[in-house]
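Grab a pencil and work through these exercises with the structure open next to you. Try each task before you read its solution.

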Amino acid sequence: MQVMSDHRFYTTTPIYYVNADPHVGHAYTTIMTDIFARHHRQRGDDVFFLTGTDEHGAKIARAAEAAGNTPHAHADALSAKFRDLGRVLDASNDFFIRTTDPEHIAEVQRILVLLHERGDIYKGSYGGWYCTPCEGFFVESELEEGNTCPIHHTPVEWLEEDNWFFRLSAYREQLLAHFDAHPGWVVPQARFNEARKMIELGLEDLSISRSQISWGVPVPWDPDQVIYVWVDALFNYWTALSYGAGDDGKKYWPPTLQLMAKDILKFHAVIWPALLLAAEIELPERLAIHGYVLKGGEKMSKTTGNLVDPFPFIHDYGLDALRYYLAREIRFGDDGTFSAEGFDARYTGELANELGNLLNRTVNMIGRYRDGVVPADHGQDTALGAEIAARTDEIIAAFDGADITRAVEAAWVIVRDLNRLVEQRAPWVLAKDPDQADALDQVLFSLAAGLKSVLVLLWPVIPTSVERALISLGQQPTDINLTDAVWGDGIAGATVTVIPPLFPRVEGRPE
Ligand code: ME8
(Lines give C-alpha, C1' and ligand atoms only; values in the text may rest on other atoms or scores of the structure.)
Protein backbone atom coordinates (compact mmCIF):
# COMPACT_ATOMS: atom_id res chain seq x y z
CA MET A 1 0.00 0.00 0.00
CA GLN A 2 1.43 3.35 -1.01
CA VAL A 3 0.27 6.01 1.41
CA MET A 4 3.11 8.46 1.81
CA SER A 5 4.29 10.74 -0.93
CA ASP A 6 6.09 13.96 -1.54
CA HIS A 7 3.65 14.96 -4.24
CA ARG A 8 1.86 18.21 -4.65
CA PHE A 9 -1.82 18.12 -5.47
CA TYR A 10 -3.43 21.25 -6.86
CA THR A 11 -7.16 20.93 -7.30
CA THR A 12 -9.83 23.43 -8.40
CA THR A 13 -13.55 23.95 -8.77
CA PRO A 14 -14.89 26.24 -11.48
CA ILE A 15 -15.30 29.77 -10.19
CA TYR A 16 -19.02 30.28 -9.89
CA TYR A 17 -20.98 33.12 -11.49
CA VAL A 18 -22.35 35.61 -9.02
CA ASN A 19 -25.57 36.13 -10.96
CA ALA A 20 -27.70 34.08 -8.58
CA ASP A 21 -27.64 32.24 -5.26
CA PRO A 22 -25.72 28.98 -4.97
CA HIS A 23 -27.65 25.71 -5.23
CA VAL A 24 -26.99 21.98 -4.87
CA GLY A 25 -25.25 21.87 -8.28
CA HIS A 26 -22.51 24.20 -7.02
CA ALA A 27 -22.41 22.39 -3.69
CA TYR A 28 -21.85 19.16 -5.61
CA THR A 29 -18.64 20.26 -7.35
CA THR A 30 -17.30 21.94 -4.22
CA ILE A 31 -17.94 18.84 -2.09
CA MET A 32 -16.43 16.46 -4.66
CA THR A 33 -13.32 18.64 -4.95
CA ASP A 34 -13.09 18.77 -1.17
CA ILE A 35 -13.23 14.98 -1.02
CA PHE A 36 -10.30 14.72 -3.44
CA ALA A 37 -8.37 17.37 -1.49
CA ARG A 38 -8.92 15.61 1.83
CA HIS A 39 -8.01 12.20 0.41
CA HIS A 40 -4.74 13.60 -0.91
CA ARG A 41 -3.97 15.27 2.40
CA GLN A 42 -4.45 11.83 3.97
CA ARG A 43 -1.80 10.54 1.59
CA GLY A 44 0.64 13.16 2.81
CA ASP A 45 0.47 15.23 -0.39
CA ASP A 46 1.09 18.97 -0.36
CA VAL A 47 -2.45 20.02 -1.31
CA PHE A 48 -3.70 23.33 -2.62
CA PHE A 49 -7.46 23.55 -3.12
CA LEU A 50 -8.87 26.58 -4.93
CA THR A 51 -12.42 27.79 -5.41
CA GLY A 52 -13.99 31.21 -5.88
CA THR A 53 -16.29 33.42 -7.90
CA ASP A 54 -16.46 34.66 -11.50
CA GLU A 55 -17.69 38.23 -11.28
CA HIS A 56 -17.39 40.04 -14.61
CA GLY A 57 -19.38 40.06 -17.84
CA ALA A 58 -22.79 40.85 -19.24
CA LYS A 59 -24.55 38.17 -17.24
CA ILE A 60 -23.44 39.65 -13.93
CA ALA A 61 -24.02 43.24 -15.08
CA ARG A 62 -27.60 42.35 -16.04
CA ALA A 63 -28.25 40.49 -12.79
CA ALA A 64 -26.98 43.52 -10.85
CA GLU A 65 -29.18 45.86 -12.83
CA ALA A 66 -32.20 43.65 -12.24
CA ALA A 67 -31.43 43.72 -8.51
CA GLY A 68 -31.13 47.52 -8.65
CA ASN A 69 -27.51 47.37 -7.61
CA THR A 70 -24.08 48.31 -8.98
CA PRO A 71 -22.17 45.34 -10.41
CA HIS A 72 -19.53 45.71 -7.71
CA ALA A 73 -21.96 45.77 -4.78
CA HIS A 74 -23.93 42.93 -6.34
CA ALA A 75 -20.77 40.85 -6.80
CA ASP A 76 -19.70 41.53 -3.20
CA ALA A 77 -23.02 40.29 -1.84
CA LEU A 78 -23.26 37.19 -4.02
CA SER A 79 -19.60 36.25 -3.71
CA ALA A 80 -20.05 36.28 0.08
CA LYS A 81 -22.88 33.76 -0.31
CA PHE A 82 -20.64 31.36 -2.23
CA ARG A 83 -17.89 31.81 0.34
CA ASP A 84 -20.41 31.08 3.11
CA LEU A 85 -21.69 28.02 1.28
CA GLY A 86 -18.12 26.70 1.20
CA ARG A 87 -17.84 27.16 4.96
CA VAL A 88 -21.17 25.44 5.58
CA LEU A 89 -20.04 22.55 3.37
CA ASP A 90 -16.82 22.20 5.39
CA ALA A 91 -14.86 22.83 2.20
CA SER A 92 -11.18 22.82 3.11
CA ASN A 93 -10.16 25.20 0.32
CA ASP A 94 -6.87 26.99 0.83
CA PHE A 95 -7.94 30.12 -1.02
CA PHE A 96 -11.08 31.74 -2.39
CA ILE A 97 -10.41 33.83 -5.50
CA ARG A 98 -12.62 36.64 -6.77
CA THR A 99 -12.00 37.84 -10.31
CA THR A 100 -12.50 41.39 -9.04
CA ASP A 101 -9.34 40.99 -6.90
CA PRO A 102 -6.85 43.65 -8.12
CA GLU A 103 -3.99 41.10 -8.15
CA HIS A 104 -5.98 38.83 -10.45
CA ILE A 105 -6.85 41.70 -12.77
CA ALA A 106 -3.22 42.85 -13.01
CA GLU A 107 -1.95 39.35 -13.81
CA VAL A 108 -4.62 38.73 -16.48
CA GLN A 109 -3.67 42.02 -18.10
CA ARG A 110 0.04 41.13 -17.98
CA ILE A 111 -0.61 37.83 -19.76
CA LEU A 112 -2.83 39.46 -22.37
CA VAL A 113 -0.17 42.03 -23.17
CA LEU A 114 2.27 39.16 -23.61
CA LEU A 115 -0.05 37.35 -26.03
CA HIS A 116 -0.65 40.60 -27.91
CA GLU A 117 3.07 41.26 -28.23
CA ARG A 118 3.65 37.73 -29.48
CA GLY A 119 1.10 38.24 -32.25
CA ASP A 120 -1.51 35.85 -30.86
CA ILE A 121 -4.07 38.63 -30.52
CA TYR A 122 -5.32 40.72 -33.44
CA LYS A 123 -8.17 43.11 -34.23
CA GLY A 124 -11.15 41.90 -36.23
CA SER A 125 -14.89 42.07 -36.41
CA TYR A 126 -17.30 39.35 -35.53
CA GLY A 127 -20.95 38.54 -35.77
CA GLY A 128 -22.44 35.53 -34.05
CA TRP A 129 -25.21 34.08 -31.93
CA TYR A 130 -24.48 34.82 -28.29
CA CYS A 131 -25.98 33.16 -25.21
CA THR A 132 -25.55 35.44 -22.20
CA PRO A 133 -26.23 32.71 -19.60
CA CYS A 134 -23.33 30.76 -21.21
CA GLU A 135 -21.34 33.90 -21.99
CA GLY A 136 -20.48 32.14 -25.24
CA PHE A 137 -21.06 32.16 -29.00
CA PHE A 138 -22.74 29.39 -30.96
CA VAL A 139 -22.69 28.64 -34.66
CA GLU A 140 -26.07 28.31 -36.35
CA SER A 141 -25.89 24.51 -36.57
CA GLU A 142 -25.47 24.20 -32.79
CA LEU A 143 -28.69 26.08 -32.00
CA GLU A 144 -31.96 24.43 -31.11
CA GLU A 145 -35.29 25.21 -32.68
CA GLY A 146 -36.35 28.86 -32.54
CA ASN A 147 -32.74 30.07 -32.21
CA THR A 148 -32.32 28.86 -28.65
CA CYS A 149 -29.22 27.83 -26.74
CA PRO A 150 -28.63 24.04 -26.61
CA ILE A 151 -27.64 24.28 -22.92
CA HIS A 152 -30.08 26.81 -21.51
CA HIS A 153 -32.91 26.50 -24.09
CA THR A 154 -33.30 30.30 -23.96
CA PRO A 155 -33.12 32.65 -27.00
CA VAL A 156 -29.66 33.65 -28.22
CA GLU A 157 -28.88 37.17 -29.47
CA TRP A 158 -27.07 38.26 -32.62
CA LEU A 159 -23.96 40.13 -31.57
CA GLU A 160 -21.73 42.03 -33.95
CA GLU A 161 -18.78 44.18 -32.99
CA ASP A 162 -15.14 45.02 -33.55
CA ASN A 163 -13.17 42.94 -31.12
CA TRP A 164 -9.76 41.62 -30.31
CA PHE A 165 -9.28 38.02 -31.39
CA PHE A 166 -7.13 35.20 -30.10
CA ARG A 167 -5.59 32.93 -32.75
CA LEU A 168 -7.23 29.80 -31.40
CA SER A 169 -7.18 28.16 -34.84
CA ALA A 170 -3.38 28.34 -34.87
CA TYR A 171 -3.25 25.92 -31.92
CA ARG A 172 -5.21 23.10 -33.51
CA GLU A 173 -2.22 20.85 -34.23
CA GLN A 174 -0.57 21.44 -30.88
CA LEU A 175 -3.83 20.70 -29.10
CA LEU A 176 -4.37 17.49 -31.00
CA ALA A 177 -0.79 16.47 -30.24
CA HIS A 178 -1.39 17.15 -26.56
CA PHE A 179 -4.54 15.03 -26.54
CA ASP A 180 -2.72 12.20 -28.28
CA ALA A 181 0.26 12.33 -25.95
CA HIS A 182 -1.88 12.53 -22.80
CA PRO A 183 -4.76 10.09 -23.19
CA GLY A 184 -5.96 10.54 -19.58
CA TRP A 185 -5.88 14.30 -19.46
CA VAL A 186 -9.66 14.58 -19.71
CA VAL A 187 -11.79 11.97 -17.93
CA PRO A 188 -14.14 10.22 -18.46
CA GLN A 189 -13.07 8.97 -21.88
CA ALA A 190 -16.32 10.09 -23.56
CA ARG A 191 -15.55 13.71 -22.64
CA PHE A 192 -11.99 13.35 -23.88
CA ASN A 193 -13.33 12.12 -27.21
CA GLU A 194 -15.91 14.89 -27.35
CA ALA A 195 -13.30 17.60 -26.74
CA ARG A 196 -10.84 16.09 -29.19
CA LYS A 197 -13.58 15.98 -31.82
CA MET A 198 -14.30 19.68 -31.35
CA ILE A 199 -10.65 20.42 -32.10
CA GLU A 200 -10.46 17.98 -34.97
CA LEU A 201 -13.48 19.53 -36.68
CA GLY A 202 -11.65 22.84 -36.77
CA LEU A 203 -11.41 25.84 -34.54
CA GLU A 204 -12.42 29.41 -35.22
CA ASP A 205 -10.41 32.23 -33.71
CA LEU A 206 -11.93 33.46 -30.48
CA SER A 207 -13.24 36.93 -29.84
CA ILE A 208 -11.61 37.81 -26.53
CA SER A 209 -12.90 41.33 -25.89
CA ARG A 210 -16.20 43.18 -25.73
CA SER A 211 -16.83 46.78 -26.66
CA GLN A 212 -20.49 47.02 -25.68
CA ILE A 213 -20.11 46.18 -22.02
CA SER A 214 -18.00 47.92 -19.42
CA TRP A 215 -18.14 45.48 -16.49
CA GLY A 216 -14.87 43.64 -16.94
CA VAL A 217 -11.10 43.83 -17.01
CA PRO A 218 -10.01 46.60 -19.42
CA VAL A 219 -7.90 45.52 -22.40
CA PRO A 220 -4.61 47.19 -21.39
CA TRP A 221 -3.80 48.67 -24.82
CA ASP A 222 -7.43 49.45 -25.71
CA PRO A 223 -9.33 50.54 -22.60
CA ASP A 224 -12.59 51.00 -24.54
CA GLN A 225 -12.85 47.23 -24.52
CA VAL A 226 -13.03 44.75 -21.70
CA ILE A 227 -11.54 41.26 -21.76
CA TYR A 228 -14.02 38.50 -22.56
CA VAL A 229 -15.20 37.12 -19.23
CA TRP A 230 -14.14 33.53 -19.99
CA VAL A 231 -10.54 34.53 -20.68
CA ASP A 232 -10.48 36.56 -17.48
CA ALA A 233 -12.08 33.64 -15.59
CA LEU A 234 -9.95 30.77 -16.90
CA PHE A 235 -6.74 32.45 -15.82
CA ASN A 236 -7.95 32.47 -12.20
CA TYR A 237 -6.40 29.03 -11.75
CA TRP A 238 -3.03 30.59 -12.56
CA THR A 239 -3.36 34.04 -11.01
CA ALA A 240 -4.57 32.71 -7.63
CA LEU A 241 -1.23 31.03 -7.03
CA SER A 242 0.64 34.31 -7.50
CA TYR A 243 -1.10 35.95 -4.53
CA GLY A 244 -3.19 33.34 -2.72
CA ALA A 245 -0.70 30.58 -2.03
CA GLY A 246 2.20 32.25 -0.26
CA ASP A 247 5.59 33.26 -1.65
CA ASP A 248 6.28 30.11 -3.58
CA GLY A 249 2.69 29.55 -4.68
CA LYS A 250 3.79 28.66 -8.19
CA LYS A 251 5.28 25.43 -6.83
CA TYR A 252 1.73 24.05 -7.07
CA TRP A 253 1.54 24.60 -10.82
CA PRO A 254 0.26 22.85 -12.95
CA PRO A 255 -3.19 21.86 -11.62
CA THR A 256 -3.30 18.17 -10.83
CA LEU A 257 -7.07 17.79 -11.02
CA GLN A 258 -9.63 20.34 -12.19
CA LEU A 259 -13.29 19.51 -11.60
CA MET A 260 -16.32 20.82 -13.44
CA ALA A 261 -19.55 19.70 -15.06
CA LYS A 262 -19.78 18.96 -18.75
CA ASP A 263 -21.44 22.34 -19.53
CA ILE A 264 -18.05 24.02 -19.56
CA LEU A 265 -16.02 21.26 -21.20
CA LYS A 266 -15.16 23.26 -24.34
CA PHE A 267 -13.89 26.23 -22.38
CA HIS A 268 -11.62 24.03 -20.26
CA ALA A 269 -10.55 21.33 -22.68
CA VAL A 270 -10.10 23.46 -25.80
CA ILE A 271 -9.77 27.18 -25.06
CA TRP A 272 -7.95 26.90 -21.71
CA PRO A 273 -5.08 24.71 -22.98
CA ALA A 274 -4.74 26.88 -26.10
CA LEU A 275 -4.42 30.03 -23.99
CA LEU A 276 -1.80 28.30 -21.84
CA LEU A 277 0.14 27.10 -24.88
CA ALA A 278 0.15 30.67 -26.17
CA ALA A 279 1.35 31.98 -22.81
CA GLU A 280 3.95 29.18 -22.64
CA ILE A 281 2.56 27.93 -19.34
CA GLU A 282 2.50 24.22 -18.56
CA LEU A 283 -0.89 22.55 -19.11
CA PRO A 284 -3.04 21.02 -16.33
CA GLU A 285 -2.54 17.32 -15.73
CA ARG A 286 -6.17 16.28 -15.66
CA LEU A 287 -9.71 17.61 -16.04
CA ALA A 288 -12.37 15.50 -14.33
CA ILE A 289 -15.72 16.22 -15.95
CA HIS A 290 -18.71 15.22 -13.90
CA GLY A 291 -22.35 14.95 -14.84
CA TYR A 292 -25.34 17.04 -13.88
CA VAL A 293 -27.30 16.88 -10.69
CA LEU A 294 -30.80 16.52 -12.04
CA LYS A 295 -34.10 17.44 -10.48
CA GLY A 296 -37.19 16.11 -12.19
CA GLY A 297 -35.07 14.81 -15.10
CA GLU A 298 -33.53 18.22 -15.92
CA LYS A 299 -30.22 19.83 -15.07
CA MET A 300 -30.66 21.90 -11.97
CA SER A 301 -30.22 25.50 -13.07
CA LYS A 302 -31.58 28.94 -12.55
CA THR A 303 -32.89 29.05 -16.10
CA THR A 304 -35.02 25.92 -15.65
CA GLY A 305 -36.00 27.02 -12.14
CA ASN A 306 -35.73 23.50 -10.65
CA LEU A 307 -33.18 24.43 -8.02
CA VAL A 308 -32.63 22.51 -4.81
CA ASP A 309 -31.50 24.58 -1.87
CA PRO A 310 -28.92 22.56 0.09
CA PHE A 311 -29.55 24.34 3.39
CA PRO A 312 -32.79 22.57 4.49
CA PHE A 313 -31.11 19.18 3.95
CA ILE A 314 -28.08 20.24 5.95
CA HIS A 315 -30.34 21.62 8.66
CA ASP A 316 -32.46 18.48 8.97
CA TYR A 317 -29.95 15.71 8.29
CA GLY A 318 -26.56 17.30 8.94
CA LEU A 319 -23.87 18.25 6.46
CA ASP A 320 -22.25 14.83 6.28
CA ALA A 321 -25.52 13.34 5.09
CA LEU A 322 -25.47 15.71 2.10
CA ARG A 323 -21.80 15.01 1.37
CA TYR A 324 -22.37 11.26 1.56
CA TYR A 325 -25.56 11.30 -0.50
CA LEU A 326 -24.02 13.31 -3.35
CA ALA A 327 -20.82 11.25 -3.43
CA ARG A 328 -22.64 7.94 -3.35
CA GLU A 329 -25.87 8.52 -5.24
CA ILE A 330 -24.54 10.37 -8.27
CA ARG A 331 -22.00 8.17 -9.98
CA PHE A 332 -19.08 10.52 -10.51
CA GLY A 333 -18.95 11.34 -14.21
CA ASP A 334 -22.62 10.54 -14.87
CA ASP A 335 -25.81 12.52 -14.40
CA GLY A 336 -27.79 11.64 -11.29
CA THR A 337 -31.07 12.60 -9.73
CA PHE A 338 -31.40 14.43 -6.45
CA SER A 339 -34.54 13.42 -4.63
CA ALA A 340 -35.72 13.96 -1.07
CA GLU A 341 -36.92 10.33 -0.93
CA GLY A 342 -33.58 8.96 -2.14
CA PHE A 343 -31.78 11.19 0.32
CA ASP A 344 -33.86 9.96 3.22
CA ALA A 345 -33.46 6.33 2.15
CA ARG A 346 -29.65 6.50 2.05
CA TYR A 347 -29.54 8.43 5.30
CA THR A 348 -31.71 5.98 7.19
CA GLY A 349 -30.67 2.75 5.50
CA GLU A 350 -26.93 3.35 5.24
CA LEU A 351 -25.66 6.13 7.47
CA ALA A 352 -27.98 5.57 10.44
CA ASN A 353 -28.66 1.81 10.28
CA GLU A 354 -25.44 0.46 8.84
CA LEU A 355 -22.71 2.80 10.09
CA GLY A 356 -24.28 4.63 13.04
CA ASN A 357 -25.73 1.48 14.60
CA LEU A 358 -22.54 -0.46 14.06
CA LEU A 359 -20.59 2.10 16.06
CA ASN A 360 -23.27 2.24 18.70
CA ARG A 361 -23.44 -1.53 19.14
CA THR A 362 -19.67 -1.93 19.14
CA VAL A 363 -19.08 0.74 21.77
CA ASN A 364 -21.96 -0.51 23.92
CA MET A 365 -20.78 -4.12 23.83
CA ILE A 366 -17.19 -3.15 24.67
CA GLY A 367 -18.66 -1.15 27.55
CA ARG A 368 -20.84 -3.95 28.79
CA TYR A 369 -18.52 -6.94 28.30
CA ARG A 370 -15.03 -5.44 28.67
CA ASP A 371 -15.47 -2.39 30.92
CA GLY A 372 -15.09 -0.04 28.00
CA VAL A 373 -11.57 -1.14 27.02
CA VAL A 374 -10.90 -2.60 23.56
CA PRO A 375 -9.50 -6.13 24.14
CA ALA A 376 -6.25 -7.42 22.64
CA ASP A 377 -6.08 -9.05 19.22
CA HIS A 378 -5.84 -12.86 19.28
CA GLY A 379 -4.79 -12.90 15.65
CA GLN A 380 -7.83 -14.81 14.38
CA ASP A 381 -9.13 -12.22 11.94
CA THR A 382 -6.16 -11.70 9.64
CA ALA A 383 -8.49 -12.28 6.69
CA LEU A 384 -10.45 -9.20 7.68
CA GLY A 385 -7.18 -7.27 8.01
CA ALA A 386 -6.19 -8.39 4.50
CA GLU A 387 -9.61 -7.40 3.21
CA ILE A 388 -9.21 -3.89 4.64
CA ALA A 389 -5.75 -3.55 3.09
CA ALA A 390 -7.17 -4.61 -0.29
CA ARG A 391 -10.07 -2.16 -0.02
CA THR A 392 -7.67 0.62 0.93
CA ASP A 393 -5.69 -0.05 -2.25
CA GLU A 394 -8.95 -0.10 -4.19
CA ILE A 395 -9.90 3.29 -2.73
CA ILE A 396 -6.53 4.80 -3.62
CA ALA A 397 -6.90 3.43 -7.16
CA ALA A 398 -10.45 4.79 -7.38
CA PHE A 399 -9.29 8.27 -6.42
CA ASP A 400 -6.42 8.03 -8.90
CA GLY A 401 -9.00 7.15 -11.52
CA ALA A 402 -11.12 10.15 -10.43
CA ASP A 403 -13.93 7.86 -9.32
CA ILE A 404 -15.25 9.05 -5.99
CA THR A 405 -18.35 6.88 -6.08
CA ARG A 406 -16.26 3.72 -6.39
CA ALA A 407 -14.13 4.84 -3.45
CA VAL A 408 -17.22 5.24 -1.25
CA GLU A 409 -18.61 1.90 -2.41
CA ALA A 410 -15.34 0.15 -1.57
CA ALA A 411 -15.38 1.61 1.95
CA TRP A 412 -18.99 0.59 2.35
CA VAL A 413 -18.16 -3.03 1.62
CA ILE A 414 -16.14 -2.95 4.86
CA VAL A 415 -19.10 -1.45 6.77
CA ARG A 416 -21.28 -4.31 5.53
CA ASP A 417 -18.63 -6.95 6.33
CA LEU A 418 -18.49 -5.67 9.88
CA ASN A 419 -22.26 -5.76 10.23
CA ARG A 420 -22.17 -9.34 9.02
CA LEU A 421 -19.47 -10.13 11.57
CA VAL A 422 -21.72 -8.95 14.39
CA GLU A 423 -24.60 -11.11 13.20
CA GLN A 424 -22.46 -14.20 12.56
CA ARG A 425 -20.46 -14.14 15.78
CA ALA A 426 -23.29 -12.86 18.02
CA PRO A 427 -21.13 -11.44 20.82
CA TRP A 428 -24.17 -11.43 23.14
CA VAL A 429 -24.22 -15.24 22.91
CA LEU A 430 -20.43 -15.56 23.40
CA ALA A 431 -20.71 -13.33 26.46
CA LYS A 432 -22.83 -15.94 28.24
CA ASP A 433 -20.13 -18.63 28.00
CA PRO A 434 -16.86 -18.02 29.94
CA ASP A 435 -15.09 -20.59 27.69
CA GLN A 436 -15.66 -18.20 24.79
CA ALA A 437 -13.80 -15.28 26.39
CA ASP A 438 -11.07 -15.27 23.70
CA ALA A 439 -13.63 -15.45 20.94
CA LEU A 440 -15.49 -12.53 22.49
CA ASP A 441 -12.24 -10.56 22.80
CA GLN A 442 -11.53 -11.22 19.16
CA VAL A 443 -14.88 -10.12 17.81
CA LEU A 444 -14.88 -6.95 19.91
CA PHE A 445 -11.31 -6.17 18.85
CA SER A 446 -12.13 -6.85 15.20
CA LEU A 447 -15.19 -4.63 15.27
CA ALA A 448 -13.29 -1.74 16.84
CA ALA A 449 -10.30 -2.21 14.54
CA GLY A 450 -12.45 -2.57 11.43
CA LEU A 451 -14.50 0.46 12.38
CA LYS A 452 -11.41 2.53 12.95
CA SER A 453 -10.03 1.59 9.52
CA VAL A 454 -13.23 2.27 7.66
CA LEU A 455 -13.76 5.57 9.48
CA VAL A 456 -10.32 6.73 8.40
CA LEU A 457 -11.16 5.74 4.82
CA LEU A 458 -14.48 7.59 4.99
CA TRP A 459 -13.02 10.74 6.53
CA PRO A 460 -12.75 12.67 3.23
CA VAL A 461 -16.48 12.13 2.67
CA ILE A 462 -17.99 12.57 6.16
CA PRO A 463 -15.26 14.29 8.17
CA THR A 464 -17.25 15.56 11.15
CA SER A 465 -19.02 12.26 11.82
CA VAL A 466 -15.76 10.36 11.49
CA GLU A 467 -14.01 12.63 13.97
CA ARG A 468 -16.83 12.13 16.50
CA ALA A 469 -16.82 8.38 15.94
CA LEU A 470 -13.05 8.12 16.35
CA ILE A 471 -13.25 9.98 19.65
CA SER A 472 -15.89 7.49 20.76
CA LEU A 473 -13.40 4.71 19.93
CA GLY A 474 -10.80 6.38 22.13
CA GLN A 475 -8.75 7.76 19.22
CA GLN A 476 -7.23 11.19 18.63
CA PRO A 477 -8.84 12.41 15.42
CA THR A 478 -6.09 14.83 14.41
CA ASP A 479 -4.03 14.43 11.24
CA ILE A 480 -6.06 11.50 10.04
CA ASN A 481 -3.59 9.86 7.70
CA LEU A 482 -4.20 6.87 5.46
CA THR A 483 -1.63 4.94 7.46
CA ASP A 484 -4.13 5.09 10.34
CA ALA A 485 -6.39 2.82 8.31
CA VAL A 486 -3.93 -0.06 8.72
CA TRP A 487 -5.64 -2.96 10.49
CA GLY A 488 -5.36 -2.95 14.26
CA ASP A 489 -3.23 0.17 14.49
CA GLY A 490 -3.43 1.70 18.00
CA ILE A 491 -6.82 0.24 18.92
CA ALA A 492 -6.21 -2.50 21.57
CA GLY A 493 -6.38 -0.99 25.04
CA ALA A 494 -8.24 2.13 23.90
CA THR A 495 -11.05 3.30 26.17
CA VAL A 496 -14.35 3.77 24.36
CA THR A 497 -17.11 6.22 25.24
CA VAL A 498 -20.78 6.07 24.36
CA ILE A 499 -21.86 9.12 22.32
CA PRO A 500 -25.29 10.24 21.08
CA PRO A 501 -26.26 8.62 17.75
CA LEU A 502 -24.01 9.72 14.87
CA PHE A 503 -27.01 9.92 12.53
CA PRO A 504 -30.14 10.47 14.63
CA ARG A 505 -33.64 9.74 13.42
CA VAL A 506 -35.10 12.60 11.35
CA GLU A 507 -38.80 13.42 11.61
CA GLY A 508 -40.33 14.82 8.40
CA ARG A 509 -38.11 15.88 5.54
CA PRO A 510 -37.54 18.82 3.18
CA GLU A 511 -39.32 18.83 -0.18
O1 ME8 B 1 -19.85 28.19 -15.60
N2 ME8 B 1 -25.02 19.69 -11.68
O3 ME8 B 1 -20.15 29.24 -13.57
P4 ME8 B 1 -21.51 28.59 -13.05
C5 ME8 B 1 -23.70 19.58 -11.48
N6 ME8 B 1 -18.32 30.97 -14.13
N7 ME8 B 1 -22.88 20.64 -11.38
C8 ME8 B 1 -23.42 21.86 -11.47
C9 ME8 B 1 -24.80 22.05 -11.67
C10 ME8 B 1 -25.62 20.90 -11.78
N11 ME8 B 1 -26.93 20.95 -11.95
N12 ME8 B 1 -25.04 23.37 -11.73
C13 ME8 B 1 -23.84 23.99 -11.55
C14 ME8 B 1 -19.54 29.01 -14.77
N15 ME8 B 1 -22.87 23.08 -11.39
C16 ME8 B 1 -18.31 29.84 -14.96
C17 ME8 B 1 -17.08 28.97 -14.71
S18 ME8 B 1 -14.45 28.60 -14.51
C19 ME8 B 1 -13.09 29.36 -15.09
C20 ME8 B 1 -15.77 29.65 -14.92
C21 ME8 B 1 -21.45 23.35 -11.15
O22 ME8 B 1 -21.89 29.36 -11.84
C23 ME8 B 1 -20.58 22.64 -12.16
O24 ME8 B 1 -19.27 22.56 -11.66
O25 ME8 B 1 -22.49 28.46 -14.14
C26 ME8 B 1 -20.62 23.59 -13.34
O27 ME8 B 1 -19.58 23.35 -14.27
C28 ME8 B 1 -20.47 24.90 -12.61
O29 ME8 B 1 -21.21 24.73 -11.38
C30 ME8 B 1 -21.01 26.07 -13.40
O31 ME8 B 1 -21.05 27.16 -12.54
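**Exercise 1: a pair of strands**

In which sense do strand β4 and strand β6 pair, and over how many bridges?

*Solution.* Before you start, keep in mind that this is a predicted model.
- Step 1: find the two strands. Strand β4 covers residues 121–131, and strand β6 covers residues 157–166.
- Step 2: look at how they run. The pairing of β4 and β6 is antiparallel, over 10 bridges.
- Step 3: pick one spot to check by eye. Gly128 sits opposite Leu159 in β6.
- Step 4: remember the background. Strands of a sheet pair through backbone hydrogen bonds, either parallel or antiparallel.

**Exercise 2: the sheet around that pair**

Work out the strand order of the open sheet of four strands, and name its edge strands.

*Solution.*
- Step 1: read across the sheet. The order is β5-β4-β6-β8, and the pairing is antiparallel.
- Step 2: look for strands that pair on one side only. These are β5 (136–138) and β8 (206–207), the edge strands.

**Exercise 3: a strand covered on both faces**

Are the residues on the two faces of strand β3 buried or exposed?

*Solution.*
- Step 1: split strand β3 (residues 95–98) into its two sides. Phe95 and Ile97 are on one side, with Phe96 and Arg98 on the other.
- Step 2: check the cover. All four of these residues are buried, so both faces count as covered.
- Step 3: find a partner strand. Strand β2 (residues 46–54) pairs with β3 in the parallel sense, over four bridges.
- Step 4: check one facing pair. Thr53 stands opposite Arg98 in β3.

**Exercise 4: backbone oddities**

Find two cis peptide bonds and two residues other than glycine with a positive phi.

*Solution.*
- Step 1: know what you'd usually expect. Most residues other than glycine have a negative phi, and most peptide bonds are trans.
- Step 2: go to the prolines. The bond from Val187 to Pro188 is cis, with omega near -5°, and Pro188 is in the loop between β7 (186–187) and α6 (189–200).
- Step 3: now try Trp253 and Pro254. A cis peptide bond joins them, with omega about 0°. Pro254 belongs to the loop between α8 (236–244) and β12 (257–261).
- Step 4: turn to phi. Asn147 has a phi near 50° and lies in the loop between β5 and β6. Asp371 also has a positive phi, of about 50°, and is found in the loop between α12 (340–370) and α13 (382–400).
- Step 5: compare their surroundings. Asn147 has a relative accessible area of 29%, so Asn147 is partly exposed. Asp371 is at 71%, so Asp371 counts as exposed.

**Exercise 5: three residues and their company**

Sort Leu355, Thr29 and Ile499 into buried or partly exposed, then list some contacts for each.

*Solution.*
- Step 1: recall the cut-off. Buried means under 20% relative accessible area.
- Step 2: take Leu355, in helix α12. Its relative accessibility is 1%, so Leu355 is buried. Beyond its sequence neighbours, Leu355 is in contact with residues including Trp412, Val415, Leu451 and Phe503. Leu355 and Val415 are 60 residues apart in sequence, and their C-alpha atoms are 6.5 Å apart.
- Step 3: take Thr29, in helix α1 (residues 24–42). At 4%, Thr29 counts as buried too. Among its contacts beyond sequence neighbours are Tyr16, Met260 and His290.
- Step 4: take Ile499, in the segment after α17 (463–472). At 21%, Ile499 counts as partly exposed. Its contacts beyond sequence neighbours are Leu359, Asn360, Arg468 and Ser472. For Gln442, 57 residues away from Ile499 in sequence, the C-alpha to C-alpha distance is 23 Å.

**Exercise 6: step back to the whole protein**

Why does the radius of gyration of the protein agree with a compact globule?

*Solution.*
- Step 1: get the expected value. For 511 residues, a compact globule would have a radius of gyration near 24 Å.
- Step 2: compare. The protein has 26 Å, which agrees.
- Step 3: add the box. The C-alpha atoms fill roughly 90 × 45 × 40 Å along the principal axes.
- Step 4: add the inventory. There are 17 helices and 16 strands, and buried residues make up 58% of the 511 residues.
- Step 5: look at the contacts. Of those with a separation of 6 or more, 77% join residues 24 or more positions apart.

Technical notes:
Residues are numbered from 1 along each chain as its sequence is written. This is a predicted model: local features need pLDDT of at least 70, side-chain atom pairs count only at pLDDT 80 or more; totals for chains, interfaces and linings use all residues. Side-chain values use heavy atoms; hydrogens and water are left out. The radius of gyration is taken over C-alpha atoms; the globule rule is 2.2 Å times the number of residues to the power 0.38. Buried means under 20% relative accessible area, exposed over 50%, partly exposed in between (1.4 Å probe, protein chains only). Contact means heavy atoms within 4.5 Å. Two strands pair if DSSP finds at least two bridges between them. Lists of a residue's contacts leave out its neighbours within four places in sequence.
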